[in-house]
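Visitor: Could you walk me through this entry and explain how each label is earned?
Guide: Happily; here it is.

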Amino acid sequence: MRVSQLLIPTLRETPADAEVISHQLMVRAGFIRKAAAGVYNFLPLAWRVVKKIEQIVREEMDRQGGQEIMMPIIQPAELWQESGRWDVYGPELFRLKDRHGRDFCLGPTHEEIITDLVRGEVSSYKQLPLLLYQIQNKYRDERRPRFGLMRGREFIMKDLYSFDRDEQGLDVSYNKMYAAYTNIFSRCGLVFRPVEADSGAIGGNDTHEFMVLAESGEATVVYCPAEPCGYAANSERAISPPDLPAGREEPAPVQEVSTPGSRTVEQVTAALKVGPDRIIKTILYETEKGMAAALVRGDREVNEIKLQKALDVLRLEIAGPEAVTKATGAPVGFAGPVGLKGMTVVVDTEVEAISNAVCGANKNDTHLINVNPGRDFSWHKCTDIRLVRQGFPCPNCSTPMEEARGIEVGQVFKLGTKYSKVLNAVYLDEKGISHPIVMGCYGIGVTRTIAAAIEQNYDQNGIIWPLAIAPFHVIVIPVSNKDELQMETAERIYRTLSEDGVEVLIDDRNERPGVKFKDADLVGYPLRITVGSKTLAEGKVELRHRRSGLVELLREDELTGRVRDIISAC
Ligand code: ATP
Ligand code: MG
């Protein structure tokens with residue numbers, strides 16, 4: 001194809017609203033244009049990348065026995081009411097009504113639809129296992145659509161659902177998908193890590209997220225650097241053994257102490273000359289079930305995902321200053337568990353083990369010392385609600401763990417019978433006994449994967465596409481359109497490569513060579529062939545590798561073979 005005829009509207013300026021590099025580069029290199037917040041047009045180059053990733057995904061799904069189908073984007077509310085998710089999904093669900101006033105939603109995911117489909121079509125063990133998938137637009141009215149394709153409100157997802165007789169069958173399907181995902185992201189040329197993850201609102205048991213490691217990632221991954229341990233988890237889910245004292249100290253009587261202006265752990269540590277591991281931090285939250293208090297050690301942070309699970313709530317927000325004062329009678333910074341009423345108290349396992357602790361007194365400028373959990377206050381639940389950070393010991397081998405940022409590009413889930421039970425998707429075994437079908441679900445963000453690939457592959461000049469997902473492999477640039485020999489040679493190379501099945505572009509625009517080179521680097525074609533008078537005088541052309549900057553001078557008759565070798569090596 002010819003650059004003069006393709007819609008590749010490159011820009012010199014960085015768009016003001018683009019915070020991350022992938023967003024900036026996709027706009028500047030003419031891949032995407034915004035239609036609304038989190039909703040994009042995919043221009044020709046971007047669409048080619050989408051199709052390439054989809055093809056890799058499709059091949060790996062099919063290799064594992066997946067069958068491609070297409071389900072509706074518009075989903076009737078009845079199914080969501082039947083599963084119970086119509087009410088719990090919240091404002092992220094795009095809801096709409098038809099002309100008769102019936103409720104529908106735009107599919108953010110397809111567990112309801114597919115379980116309904118399968119309950120109608122599958123009745124016998126002979127039809128299992130079954131792996132069904134689709135690649136399709138998904139709709140989520142995200143609270144903060146941002147970072148371009150990274151967090152859109154309309155995005156492309158591959159979702160596969162597995163249907164098995166029992167847990168062992170599910171294990172097999174899960175492992176197949178885990179292997180397929182590993183192949184997919186490797187084939188896309190990405191550096192990634194599968195990590196243990198939290199099962200979130202969707203429910204279920206085992207789950208892993210596939211994280212592309214990049215500084216701009218919204219997720220934090222905690223991992224053990226020791227080989228062969230390899231423990232790795234999303235920090236939402238990560239665990240680490242509690243740091244417990246060897247024994248309990250003799251409890252001393254509780255005392256009130258004046259701590260004017262000491263609101264933070266650092267200030268209290270300094271004022272009372274105690275270590276942060278002796279301080280109990282009390283954080284108040286508002287939930288749909290009322291207020292809650294989370295108690296962690298002074299040197300820890302609350303993991304709100306763990307807390308949400310412990311409280312079994314859908315909404316969890318830090319209480320504002322007014323609510324804190326109303327509940328404790330003191331300004332923020334002086335809350336404590338002693339005498340705290342009217343809320344659910346969750347205590348972290350490390351807090352329960354502190355003797356003679358320090359905590360807020362629910363009174364301005366005042367703390368309590370010698371507070372002993374159990375003696376001076378009680379709780380509704382004692383469990384692990386700590387956020388695991390860098391340096392915390394690995395739960396398997398105690399090595400201090402490390403932290404990295406990650407972009408979640410895919411997730412595999414064991415759903416079990418969560419949906420099949422509520423939607424009554426059952427099969428009959430050999431003896432005619434009915435069982436709920438055991439399910440799994442497996443998503444890949446196709447469009448997010450594009451953004452993640454760029455976050456990992458760029459330099460100051462633009463994108464550096466991994467060959468397997470590049471929009472084109474090669475661009476041929478004649479340095480001067482006015483030079484007949486150059487144009488002829490460039491056209492001939494372009495034709496030969498095209499006929500050879502290479503995805504090649506020719507930059508036939510009447511532009512200065514600097515503009516063509518800049519655009520080629522910005523778009524990130526893996527290979528650039530430059531046809532200029534200097535090298536032509538020696539009967540050669542220049543083949544430049546975008547990633548390494550390496551330049552090879554080749555005769556025209558050597559070129560095709562060399563390009564073919566490079567492409568087939570990927
Ligand atoms: P997140 O935690 O980032 O909101 P999620 O866990 O809710 O994502 P899943 O339901 O697991 O997402 O969806 C499967 C895949 O779809 C994700 O791994 C991700 O790659 C992609 N995805 C999810 N939400 C978005 C979005 N708003 N924009 C682009 N891709 C998305
Ligand atoms: Mg997910």
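Guide: What follows takes up the ligand shell, two helix crossings and some backbone features.

Guide: This is a predicted model, in which local features need pLDDT of at least 70 and side-chain atom pairs count only at pLDDT 80 or more, while totals for chains, interfaces and linings use all residues. Residues are numbered from 1 along each chain as its sequence is written, chains are lettered from A and ligands numbered from 1 in the order written, and side-chain values use heavy atoms, with hydrogens and water left out.

Visitor: Which residues surround ligand 1 most closely?
Guide: There are 14 around ligand 1, and the closest are Arg140, Glu142, Arg151, Gly152 and Glu408. A residue counts as near if one of its heavy atoms lies within 4 Å.

Visitor: What makes the pairing of glutamate 408 with ligand 1 a polar contact?
Guide: A polar side-chain atom of glutamate 408 is 2.6 Å from an oxygen atom of the ligand. The term asks for a pair of N or O atoms within 3.5 Å (within protein, one must be able to donate a hydrogen and the other to accept it, and residues adjacent in sequence count only if both atoms are side-chain atoms), so this pair qualifies. Polar backbone atoms also come in: that of valine 409 is 3.0 Å from a ligand oxygen, and that of glycine 410 is 3.4 Å from one.

Visitor: How much of ligand 1 does the protein cover?
Guide: The protein covers 81% of the 580 Å² of accessible area that ligand 1 has on its own, by the Shrake-Rupley method with a 1.4 Å probe.

Visitor: Which element gives the largest share of that shell?
Guide: Strand 21 does, with four residues; strand 21 spans 402-416. Strands here are DSSP runs of E, at least two residues long, and helices are runs of H or I, at least four, numbered from the N terminus.

Visitor: Why are helix 2 and helix 12 called roughly perpendicular?
Guide: Their axes, lines fitted to C-alpha atoms over the stretch in contact, with angles from 0 to 180 degrees between N-to-C directions, cross at roughly 110° and come within 10 Å. Roughly perpendicular means 65 to 115 degrees (under 35 is roughly parallel, over 145 roughly antiparallel, the rest oblique), so helix 2 and helix 12 earn the name. Contact, meaning heavy atoms within 4.5 Å, involves Ala46, Val49, Val50, Ile53 and Glu54 of helix 2 and Val446, Thr449 and Ile450 of helix 12.

Visitor: What makes helix 1 roughly perpendicular to helix 12?
Guide: Those axes cross at roughly 100° and come within 8 Å, which makes helix 1 roughly perpendicular to helix 12. Ile21, Ser22, Leu25 and Met26 of helix 1 meet Ile450, Ala451, Ile454 and Glu455 of helix 12.

Visitor: Which residues does a cis peptide bond with an omega of about -5° join?
Guide: Leucine 128 and proline 129. Proline 129 sits in the loop between helix 5 and strand 7. Another cis bond joins glutamate 227 and proline 228, with omega about 0°.

Visitor: What is the phi of asparagine 362?
Guide: Asparagine 362 has a positive phi of about 55°, although it is not a glycine. Most residues other than glycine have a negative phi, and most peptide bonds are trans.
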